[in-house]
Amino acid sequence: LKRVTTSKAWLEWPGRRAHRAITFAPGEPDVTASNELNTWRPAGVEPRPWDKAHRDAYRQLVAHLFHTCPETIPWFERWVAYPLQHLGAKLTSAVLMHGRTTGTGKSMLGILIGSCYGSAFRVVERERIFVSFNQWAVGACFALGDEVMSSDHRKDADLLKSLVTQ
């Protein structure tokens, strides 16, 4: 046996991989064309036709949540589908769902959508969403802000606007 410095041996090993940088590039391979190590991983879900029971349950939930403006359902569904169909696309818009009572299914819909993103989905509580260091956003493609508003609605709205568009 011979003592060696692990880091020195690693750097000298000819089988070691070296990359220009680390990136998060949805839809790109593990190593990008510019030799960057991609930390994005596919969600692991496969598109498939819904059975009638699941489709009807989804439609019932969406109809319930959008009952005051059902004409916006097609826009909402396109908003949900676009980043899943165009991996890496960043939408500079957000959907705000407001209700007078809890337990109506708003978060359930967000969790259902988020499940399509696998490990790139985050549920973020109000306390974490407005902090200056947003570590929760690293590697996130879809975030569900749960119970985000407070008594200072204007301040929250301004902070959310910056978060979504930047």
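In the predicted model, Trp79 has a relative accessibility of 15% and therefore counts as buried, since the limit for this class is under 20%. Trp75, by contrast, counts as partly exposed, because its relative accessibility is 44%. Both residues belong to helix 3, which covers residues 73-85, and their spacing of 4 residues separates them by about one helical turn. A single aromatic cluster is formed by Phe66, Trp75, Phe76 and Trp79.

Aromatic pairing was examined throughout the structure, and the search yields 7 aromatic pairs. One of them, between Trp10 and Trp13, is tilted, with a centre-to-centre distance of 5.6 Å and an angle of 35 degrees between the planes. The rings of Trp75 and Trp79 form a pair with centres 6.3 Å apart and planes at 25 degrees, so this pair is stacked. The assignment follows because planes under 30 degrees apart count as stacked.

Trp10 and Trp13 also contribute to the surface of the model. Together with Leu11 they form a nonpolar patch whose combined accessible area is about 370 Å². Trp10 is partly exposed at 44% relative accessibility, and Trp13 is likewise partly exposed at 48%. Leu11, located in helix 1 (residues 6-12), has a relative accessibility of 55% and so counts as exposed.

Charged side chains were considered next. In total, 5 salt bridges are found. Among them is the pair Glu12 and Lys8, whose side chains meet at an N to O distance of 2.8 Å. These two residues stand 4 residues apart in helix 1, which means that about one helical turn separates them. Glu12 is exposed, its relative accessibility being 54%.

A further salt bridge joins Arg20 to Glu36, with 2.6 Å between the closest N and O atoms. Arg20 is situated in the loop between helix 1 and strand 1 (21-23), whereas Glu36 lies in strand 2 (residues 36-38); the pair therefore ties together parts that are 16 residues apart in sequence. The two partners fall into opposite classes of accessibility: Arg20 is exposed, with a relative accessible area of 57%, while Glu36 is buried, with 15%.

Glu125 and Arg128 form another salt bridge, in which the closest N and O atoms are 3.8 Å apart. This distance satisfies the criterion because a salt bridge requires the nitrogen to be within 4 Å of the carboxyl oxygen. Glu125 is partly exposed at 35% relative accessibility, and Arg128 is also partly exposed, with a relative accessible area of 39%.

Arg122 presents another situation. This residue lies in strand 3, which comprises residues 121-125. Arg122 is buried but takes part in no salt bridge, and the nearest side chain of opposite charge, that of Glu125, is 11 Å away. The side chain of Arg122 instead has contacts with backbone oxygens. A polar atom of this side chain lies 2.7 Å from the backbone oxygen of Ser119, and the side chain of Arg122 also reaches the backbone oxygen of Trp136 at 3.0 Å.

Notes
Residues are numbered from 1 along each chain as its sequence is written. This is a predicted model: local features need pLDDT of at least 70, side-chain atom pairs count only at pLDDT 80 or more; totals for chains, interfaces and linings use all residues. Side-chain values use heavy atoms; hydrogens and water are left out. Rings of Phe, Tyr and Trp (its six-membered ring) pair if their centres lie within 6.5 Å; planes under 30 degrees apart count as stacked, over 60 as edge-to-face and the rest as tilted. Buried means under 20% relative accessible area, exposed over 50%, partly exposed in between (1.4 Å probe, protein chains only). Patches are made of residues with over 30% relative accessible area and no salt bridge: like charges are joined within 9 Å, nonpolar side chains (Val, Leu, Ile, Met, Phe, Trp, Tyr) within 5 Å. Accessible areas come from the Shrake-Rupley method with a 1.4 Å probe; for residues, only the protein chains shown count as cover. Lys and Arg count as positive and Asp and Glu as negative; His and the chain ends are not counted. A polar contact is a pair of N or O atoms within 3.5 Å; within protein, one must be able to donate a hydrogen and the other to accept it, and residues adjacent in sequence count only if both atoms are side-chain atoms.
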